[in-house]
Amino acid sequence: MNRKLDNGIFLIDVGYRNDIPVALVEKHYNENVEYIIAFNYKIDNNKINWGYGYYYKNIDKAMEDFKKVLAGHNLADTFFKKERSDKPCNTR
């Protein structure tokens, strides 16, 4: 999937964790790119909104964690262990 939405956002992949819709999105702003695992998202009029998300600078780590989410895992455990230098940032 690669669907372009408004405001420089690309929908990379979607799925569910425990009946909650989850999306992996790529967001472009200025000259920066960030990847977001967006929980409880909705798309309306080609715009996406989500309840909360985990933000990444590294696409590989974002995709790895997205697969974990789809398998039912909780990313809060990854965030609090701080095992990697590219830690997700839960700020939304």
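Lys68 is partly exposed, with a relative accessible area of 29%. That lysine is a handy way into this predicted model, since it leads straight to a set of charged side chains in helix α1: Lys68 pairs with Glu64 and also with Asp65. Below are the salt bridges, then a buried glutamate, then the aromatic rings.

**Salt bridges in helix α1**

- The structure holds 4 salt bridges, and here are three of them.
- Lys68 and Glu64 make one salt bridge, with the closest N and O atoms 3.6 Å apart. Both residues sit in helix α1, 4 residues apart, which is about one turn of the helix.
- Lys68 also bridges to Asp65, this time with the closest N and O atoms 3.8 Å apart. These two are 3 residues apart in helix α1, again about one turn.
- Asp65 counts as buried, at 0% relative accessibility.
- Sharing partners, the salt bridges link Lys61, Glu64, Asp65 and Lys68 into one network.
- Glu64 reaches Lys61 too, and there the closest N and O atoms are 3.9 Å apart. Helix α1 runs over residues 59–70, and because Glu64 and Lys61 are 3 residues apart in it, about one helical turn separates them.
- Glu64 is partly exposed at 29% relative accessible area, whereas Lys61 counts as buried at 6%.

**A buried glutamate without a salt bridge**

- Glu26 belongs to strand β3, residues 20–29.
- Glu26 is buried but has no salt bridge; Lys4, the nearest side chain of opposite charge, is 10 Å away.
- What Glu26 does have is a polar contact of 2.4 Å between its side chain and that of His28.
- Setting aside neighbours within four places in sequence, the residues in contact with Glu26 include Gly8, Ile9, Phe10 and Tyr35.

**Aromatic rings**

- The count comes to 2 aromatic pairs.
- Phe39 and Tyr52 have ring centres 4.7 Å apart and planes at 5°, so this pair is stacked.
- Phe39 is in strand β4 (residues 32–39) and Tyr52 in strand β7 (residues 52–56), so the pair ties together parts that are 13 residues apart in sequence.
- Phe39 is buried, at 2% relative accessible area, while Tyr52 counts as partly exposed at 34%.
- Phe39 also pairs with Tyr54, edge-to-face this time, at 6.0 Å centre to centre and 70° between the planes.
- Tyr54 lies in strand β7 and Phe39 in strand β4, so this pair ties together parts 15 residues apart in sequence.
- Tyr54 counts as buried at 5% relative accessibility.
- Put together, Phe39, Tyr52 and Tyr54 make one aromatic cluster.

Notes:
Residues are numbered from 1 along each chain as its sequence is written. This is a predicted model: local features need pLDDT of at least 70, side-chain atom pairs count only at pLDDT 80 or more; totals for chains, interfaces and linings use all residues. Side-chain values use heavy atoms; hydrogens and water are left out. Rings of Phe, Tyr and Trp (its six-membered ring) pair if their centres lie within 6.5 Å; planes under 30 degrees apart count as stacked, over 60 as edge-to-face and the rest as tilted. Buried means under 20% relative accessible area, exposed over 50%, partly exposed in between (1.4 Å probe, protein chains only). Lys and Arg count as positive and Asp and Glu as negative; His and the chain ends are not counted. A polar contact is a pair of N or O atoms within 3.5 Å; within protein, one must be able to donate a hydrogen and the other to accept it, and residues adjacent in sequence count only if both atoms are side-chain atoms. Contact means heavy atoms within 4.5 Å.
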